[in-house]
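Work through two exercises on a protein surface. Each has a task sentence and a stepwise solution.

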Amino acid sequence: MIRAIPFVGIANPSGLQRRARSRSQAGSIVWRGVALGAIVPLAVLATWSLAVALHAMRPQILPGPLAVQAAATDLLRSGDLVTALEVSLGRILIGLAIGSVLGLVAGAVLGRSRTLDAYFGPTLRTICQIPTIAWLPVFMLIFGIGEELKVAIIAKAAFLPMLLNTFAGVRSASGRYHEVASALEFGPLQRLRFVTIPSALPMIVLGLRLALSNAWHVLIVVEMLASPAGIGHLMAWSRTLFQLDVVFVTIVAIGATGWLMDAAMRAAERRLSPWSLPA
């Protein structure tokens, strides 16, 4: 007598189909985003090539895309572009770490203490209205024009966005959450872990993104004005020598590097605080 053997552990075909369909839809959304994002750069490149072909401007003022590509190839082969980016990224890492940690601590302290906020808040908000680059003469008097100047100005540029966003994140925690924490008799560390950090984390990550963007912009300007190395120095030196093809290469490199750093921060935001993102 043959017994029927039940099928055990067989996956639900409809579930597999739904997962495959969702993956396919996610892939199509990604490719659609890439295609839409490529429209403007391709249009700019086409307009640029057309202007060069029609001799709308002199090549000394507007080098063609092929000339810029040749300059980029030469800079990559010589290692000058990579070396300049390495110098700038090293400065960013050090200055961003210092400024972000100080801003995180200050924002958390002021967010939790209304007394300290009453004393120091107005002064810090006033400082926020002063562009970071306006502090450059003062910083040059204090730190000179060495590496300390670049690190200090980057830390200053990263400090304020991190402070303000951390402060807003700590203050954004709903009073009901704190009431529940009090009812559960949470201690200070438990309240910090289960209430303050989850509530403030999205704003903290956003503050880190803004700090990185602000620090990158400031660094380029400082390197153009007072630095013997870095991608900003390469741009300024090429402009002095009237090598506009190299200037265009540095512009693309600065924009691409900034975009990649921001993309990395967006990925970190999705991983660290997925509940704060739209569905």
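A nonpolar patch joins side chains of Val, Leu, Ile, Met, Phe, Trp or Tyr that lie within 5 Å, from residues with over 30% relative accessible area and no salt bridge. The model used here is predicted.

**Exercise 1. The nonpolar patch**

Task: Find which residues form a nonpolar patch on the surface, and which elements give two or more of them.

Solution:
- Step 1. List the members: Val 101, Leu 104, Val 105, Val 109, Leu 116, Tyr 119 and Phe 120. Together they have about 650 Å² of accessible area.
- Step 2. Assign the elements. Helices α3 (80-112) and α4 (114-128) each give two or more residues to the patch.
- Step 3. Rank them. The most comes from α3, with 4 residues.
- Step 4. Check one member. Tyr 119 is found in helix α4. Exposed means over 50% relative accessible area. Tyr 119 reaches 63%, so this residue counts as exposed.

**Exercise 2. The largest pocket**

Task: Describe the largest pocket by its space, its lining and the classes of its residues.

Solution:
- Step 1. Take the volume. The largest pocket holds about 400 Å³ of space.
- Step 2. Go to the lining, which has 13 residues. Closest to the pocket centre are Pro 41, Ile 251, Val 252, Gly 255 and Ala 256.
- Step 3. Assign the elements. At least two lining residues come from each of α1 (13-53) and α10 (244-272). The most come from α10, with 7 residues.
- Step 4. Sort by class. The lining has 12 nonpolar residues and 1 polar residue. Charged residues are absent from this lining.

Note on methods
Residues are numbered from 1 along each chain as its sequence is written. This is a predicted model: local features need pLDDT of at least 70, side-chain atom pairs count only at pLDDT 80 or more; totals for chains, interfaces and linings use all residues. Side-chain values use heavy atoms; hydrogens and water are left out. Patches are made of residues with over 30% relative accessible area and no salt bridge: like charges are joined within 9 Å, nonpolar side chains (Val, Leu, Ile, Met, Phe, Trp, Tyr) within 5 Å. Accessible areas come from the Shrake-Rupley method with a 1.4 Å probe; for residues, only the protein chains shown count as cover. A salt bridge is a side-chain nitrogen of Lys or Arg within 4 Å of a carboxyl oxygen of Asp or Glu. Buried means under 20% relative accessible area, exposed over 50%, partly exposed in between (1.4 Å probe, protein chains only). On a 1 Å grid over the protein atoms alone, a cavity is a set of points where a 1.4 Å probe fits but cannot get out, and a pocket is an open set with protein on both sides within 12 Å along at least five of seven lines; lining residues have an atom within 4 Å of a point. Grid points are joined across faces, edges and corners, and a volume is the space filled by probe spheres set on the points. Ala, Val, Leu, Ile, Met, Phe, Trp, Tyr, Cys and Pro count as nonpolar, Asp, Glu, Lys and Arg as charged, and the others, Gly among them, as polar.
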